[in-house]
Amino acid sequence: MPKLPLDSWIESIVDWLGANLSFLFDLLSAAIGGTVYAFSAFFHLLPPWLLIALLVLLAYRLGRWTLALFALIGLLLIWNLGYWSPTMDTSALVLTSSLVSIVLGVPLGIWCAANPSVRGVLTPLLDFMQTMPAFVYLIPAVTFFGLGVVPGVIASVIFAIPPTIRLTNLGIRQVPEDLIEAADSFGSTPSQKLMQVQLPLALPNMMAGINQTIMLSLSMVVIASMIGAQGIGADVYRAVTQLNTGQGFEAGLAVVILAILLDRLSQRLAGRNSRGKSWLRRVPWIAAAVVVVLVASGLYESMRGGAGGSSGVAQSVNSRIIGIDPGSGLMKAAAQAIKDYDLAGWTLVEGSGTAMTAALDKAYRSKEPIIVTGWTPHWMFIKYDLKYLDDPRGSFGGSEEIHTIARKGLQADLPSAYAFLDRFAWQASDMEEVMNKIADGAQPKDAADAWVQEHADLVAKWTEGIAPAPKGQKIKLAFVAWDSEIASTNVVRSVLAKLGYSPEMLQVEIGPMWAGIAGGDADAMVAAWLPTTSKDYYDKYKGQVDDLGANLSGTKLGLVVPSYMDVQSIEDLK
């Protein structure tokens with residue numbers, strides 16, 4: 001049965017939207033980015049002690065002294081642990097996504113309540129939005145809006161808006177019919193009936209939906225950090241990739257405190273205004289005051305803040321270098337380069353390898369300037385015309401090797417697999433063949449199997465004299481979801497399958513990958529970039545694993561730009 005080319009259709013739709021509606025995406029990006037910046041500017045403008053005092057007073061006004069005490073202790077703890085600034089950035093992201101969700105969700109909920117046809121269309125769409133894994137929204141968000149906080153907000157809105165729509169619709173539909181009939185008998189217009197009868201009575205349900213939306217927005221902060229949204233989520237993600245339990249607990253605790261505080265404050269606000277017809281009348285004035293404060297804060301911060309790098313290149317890329325996973329050696333080398341070349345005001349954006357290539361693809365299609373952290377071999381050097389920036393100060397070191405790492409005891413337990421892994425070695429051009437096929441749309445398994453068949457002579461050298469394993473014997477291969485490692489691990493899987501093994505592939509982050517090999521939870525990996533990228537992990541676990549040597553040599557790390565950019569060296573970025 002032929003496969004329905006749904007993936008190709010989705011890609012075509014995304015490409016068409018990106019090509020024909022870029023002006024709309026730019027407008028939305030400017031509006032959302034400006035709102036996040038304004039919230040963040042306001043939170044950073046006030047001294048922490050003053051903002052804590054204001055929030056404690058608000059908690060006391062809305063709740064009891066117990067809520068005020070929790071706010072005081074929790075916020076002081078966040079400040080003491082050093083997470084105040086990222087927590088304020090996260091608050092700006094959550095409030096912006098919640099605000100957008102409310103502005104869009106309440107009218108849509110009202111429309112659903114008034115029109116059964118609209119409700120019939122939106123209900124399955126909301127089911128889809130709530131059940132689709134949130135990670136799926138990240139790549140199209142990056143494609144349309146680039147890396148940073150804006151795609152994080154967009155993904156959060158898609159994930160968090162359904163409760164506001166559903167509960168607004170439910171609250172209005174649950175207004176007693178006799179009250180609607182009474183309003184009609186007094187000659188109320190539809191707008192009067194909505195504003196003076198339906199919305200005040202539906203307000204408790206609406207506030208419950210808004211509360212859920214805020215909580216769902218907060219649950220997205222770690223996921224959003226994978227596409228460059230900074231804040232406390234980035235600290236949690238960084239701790240996960242680096243296996244830093246203490247830092248992860250501290251950052252997670254900050255998220256918990258913020259979540260509880262937002263939840264309790266929104267619940268108290270809903271309870272105080274459960275009969276809030278007069279409160280509804282104050283909404284326009286409250287909204288106007290908030291807009292004035294945010295605009296003033298944003299303007300003040302813009303005038304006070306620096307513009308980053310002063311060079312033309314810095315201005316063209318907004319003084320940003322698009323990076324990959326936090327904690328990787330490549331990111332540490334890039335951070336060191338910023339110090340070595342005195343690139344004051346430059347930002348190294350954390351994310352993932354996939355998000356980085358998505359941002360590169362978006363910029364390359366539009367011939368826009370962009371600087372990314374890059375490495376070879378990588379399929380992007382085949383698909384795009386790219387160049388490394390010269391590194392005269394050697395921040396990125398020399399060429400690297402990719403090593404094969406096995407758990408202790410693998411040679412005794414799985415001798416045939418160990419013998420093959422010890423021999424496994426290929427060229428960068430071999431890896432690029434597989435990566436290019438995957439980039440062109442082939443499944444990683446199919447691309448690796450095809451490469452193994454096309455290079456039977458090389459595979460025969462790897463497996464010569466190795467006895468087949470008992471059929472179905474299991475072996476676990478760990479890998480990190482970088483394009484190079486997806487290619488190499490699938491090739492190893494294909495060859496091990498020919499030897500009679502039943503390979504299991506475990507996709508993890510780089511830190512858990514090393515910990516899994518050292519702890520025996522995985523058997524081997526072919527993804528140890530040394531001496532730079534995996535240096536910290538190698539130093540930590542070298543006594544607990546077996547290093548089988550290099551399986552690929554001549555790799556390179558550095559800052560990469562499209563060839564159409566008129567810049568040759570990292571020194572030119574000043």
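Which residues make the nonpolar surface patch of about 880 Å²? In this predicted model, the patch is made by W49, Y60, W65, L69, L72, I73, L76 and W79. Two elements, helix 3 (48–62) and helix 4 (65–81), each give two or more residues to the nonpolar patch, and helix 4 supplies the largest share, with six residues. W49 is placed in helix 3 and has a relative accessible area of 53%, so that this tryptophan is classed as exposed.

The protein chain as a whole contains 27 helices and nine strands. Its radius of gyration is 27 Å, which agrees with the value near 25 Å that a compact globule of 574 residues would have. The C-alpha trace of the protein chain spans about 95 × 60 × 50 Å along its principal axes. Of the 574 residues, 49% count as buried, while the accessible surface of the chain comes to about 26,400 Å², with 61% of that area belonging to carbon and sulfur atoms. Among the contacts in the protein chain with a separation of 6 or more, 81% are accounted for by residues 24 or more positions apart.

Aromatic side chains were examined next. A pair of aromatic rings is described by the distance of the centres and the angle of the planes. The count comes to 15 aromatic pairs, one of which is formed by F39 and F43, a stacked pair with 6.3 Å from centre to centre and 25 degrees between the planes. Both phenylalanines lie in helix 2 (residues 22–45), where four residues, or about one turn of the helix, set them apart, and F39 and F43 are both buried. The rings of W426 and W451, by comparison, have planes at 85 degrees, with centres 5.3 Å apart, and the pair is therefore edge-to-face. Because W426 lies in the loop between helix 21 (415–423) and helix 22 (428–439), whereas W451 belongs to helix 23 (residues 444–454), this pair ties together parts that are 25 residues apart in sequence. Both partners are covered by the surrounding protein according to their accessibility: W426 counts as buried at 3% relative accessibility, and W451 is buried with a relative accessible area of 0%. W426 and W451 also belong to a cluster in which ring pairs link them with F420, F424 and W462.

A glycine in a loop was considered as well. G327 is located between strand 1 (320–322) and helix 17 (329–340), and its relative accessible area of 11% falls under the 20% limit, so G327 is classed as buried. The C-alpha atom of G327 is separated by 6.2 Å from that of R238, although the two residues are 89 residues apart along the chain. When residues up to four places away in sequence are not counted, G327 touches T241, Q242, K332 and Y537.

Charged side chains form a further set of interactions, and a search of the whole structure finds 13 salt bridges. In one of them, the side chains of R166 and D127 meet at 2.4 Å, N to O. This pair links distant parts of the chain, since R166 lies in helix 9 (residues 162–173) and D127 in helix 6 (residues 116–131), 39 residues apart. R166 is partly exposed, with a relative accessible area of 27%, and D127 likewise counts as partly exposed, at 37% relative accessibility. A salt bridge is also formed by the side chains of E454 and K437, with 3.0 Å from N to O. Here too distant parts of the chain are linked, with E454 in helix 23 and K437 in helix 22, 17 residues apart. K437 counts as partly exposed at 25% relative accessibility.

Another salt bridge joins the side chains of D539 and K535, at 2.9 Å, N to O. Because D539 and K535 are four residues apart in helix 27 (residues 535–541), about one helical turn separates them. D539 counts as partly exposed at 38% relative accessibility, and K535 is partly exposed as well, with a relative accessible area of 42%. Finally, D361, R365 and K383 are joined into one network by salt bridges that share partners.

How values were computed: Residues are numbered from 1 along each chain as its sequence is written. This is a predicted model: local features need pLDDT of at least 70, side-chain atom pairs count only at pLDDT 80 or more; totals for chains, interfaces and linings use all residues. Side-chain values use heavy atoms; hydrogens and water are left out. Patches are made of residues with over 30% relative accessible area and no salt bridge: like charges are joined within 9 Å, nonpolar side chains (Val, Leu, Ile, Met, Phe, Trp, Tyr) within 5 Å. Accessible areas come from the Shrake-Rupley method with a 1.4 Å probe; for residues, only the protein chains shown count as cover. A salt bridge is a side-chain nitrogen of Lys or Arg within 4 Å of a carboxyl oxygen of Asp or Glu. Buried means under 20% relative accessible area, exposed over 50%, partly exposed in between (1.4 Å probe, protein chains only). The radius of gyration is taken over C-alpha atoms; the globule rule is 2.2 Å times the number of residues to the power 0.38. Contact means heavy atoms within 4.5 Å. Rings of Phe, Tyr and Trp (its six-membered ring) pair if their centres lie within 6.5 Å; planes under 30 degrees apart count as stacked, over 60 as edge-to-face and the rest as tilted.
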